[in-house]
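Open the model in your viewer and keep the selection panel at hand. Here is a short tour, stop by stop.

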Amino acid sequence: RSFSVPEIKILMDAVQAASFITDKKTKELVDKIAALGGSKRAAIMKSNIVNFNTRKHQNEMIYYVVDMLTQAIQTNKKAIFYYYDLDENGEKKYRRGKHHYLSEPVALVFYEDNYYLISYYPEKQCTVNYRLDRMENVEILDEDISEKAKELRGSVAGYTESVFKMYRGKLTDVTLQFNEALMGVVYDKFGEDTKMLRINDTTVIAAVKAQISPTFWGWIFQFGGKMTINAPEELKDEYKKQAEALLMNN
């Protein structure tokens, strides 16, 4: 059946918001999505586009990268690619002296406007995440991935929840205490199934699982005194040390 106007609008906005899709590819894809509603709807939808993302990346090979990695995942094959960063002039600076990265692709993950490859490395028995818009010359090898890489595909959702939201660190049960105005922020970060308990007219506590890392502390301190840690005790002490270090540095 045909797409409704709200459905088309949502798809178009999602493409607009995705940083990894370049300006050129965004325009092309938006035109195709708009056409799903017929010529009249397409004209209406195109006239209402808001170009709100000014952080679009420049890798025009993104479709090719997605296609090759998808094939590698579907066929359980290894892949190789070049990986680069951008220097102060916005120029490509290849890692490893432009030597190939060897990867056992586990899954492609869309997170905060970017697309990532979760890759498993048997030698180190760990996973690494790579941004697709920083890849070039992706090739599929005629070599099967390990059984461990295949197993990890069944736990991608949990991996994404813990690693992408708080990055690497020890996974810990944490009790947060915060102003009621931050309930939406906590739900957004840890999920709408987070259990909360109101302790007075303005204060709420919540039990969450978080990876304790610099990213976690940065997230906590952005709220000033409106959020603190109630438990565990050792994390409360670490919270005080982090706060004191911030004051000394300022």
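Select Leu 108 and Leu 117: Leu 117, in strand 4, is the bridge partner of Leu 108. This is a predicted model. Now show strand 3 (residues 101-111) and strand 4 (residues 114-121) whole. The two run antiparallel, joined by seven bridges.

Go to the turn of this hairpin. Two residues lie between the strands, and Glu 112 takes a positive phi near 50 degrees.

Return to strand 3 and colour by accessibility. Is strand 3 mostly covered or mostly open? Mostly covered: eight of its 11 residues are buried.

Next, add strand 1 (residues 77-86). Strand 1 is antiparallel to strand 3, with three bridges between them. Pick Ile 80; its bridge partner in strand 3 is Leu 102.

Now select helix 4, residues 62-75. From first C-alpha to last, its 14 residues reach 20 Å, close to the 20 Å expected at 1.5 Å a residue. Which residues of helix 4 are buried? Show Ile 62, Val 65, Val 66, Met 68, Leu 69, Ala 72 and Ile 73 as sticks. An α-helix has 3.6 residues a turn, so residues three or four places apart point the same way. Look at what covers the buried residues of helix 4: strand 1, strand 3, strand 4 and strand 6 (135-144) are among the elements there. Step just past the helix to Asn 76, which has a positive phi of about 60 degrees.

Last stop: the surface. Select Phe 3, Leu 11 and Leu 36, which make a nonpolar patch of about 230 Å². Leu 11 sits in helix 1 (residues 5-17). Leu 11 counts as partly exposed because its relative accessible area is 34%, between the 20% and 50% cut-offs.

Definitions and conventions: Residues numbered from 1 in each chain as written. Predicted model: local features only at pLDDT ≥ 70, side-chain atom pairs only at ≥ 80, totals over all residues. Heavy atoms only, no water. Patch = residues over 30% accessible without salt bridge, like charges linked within 9 Å, V, L, I, M, F, W, Y side chains within 5 Å. Areas by Shrake-Rupley, 256 points an atom, 1.4 Å probe, with all protein chains shown as cover. Salt bridge = Lys/Arg side-chain N within 4 Å of Asp/Glu carboxyl O. Helix = DSSP H or I, 4+ residues; strand = E, 2+ residues; numbered from the N terminus. Buried < 20%, exposed > 50% of the residue type's maximum accessible area, 1.4 Å probe, protein only. Pairing = 2+ DSSP bridges. Expected span 1.5 Å × (residues − 1). Contact = heavy atoms within 4.5 Å.
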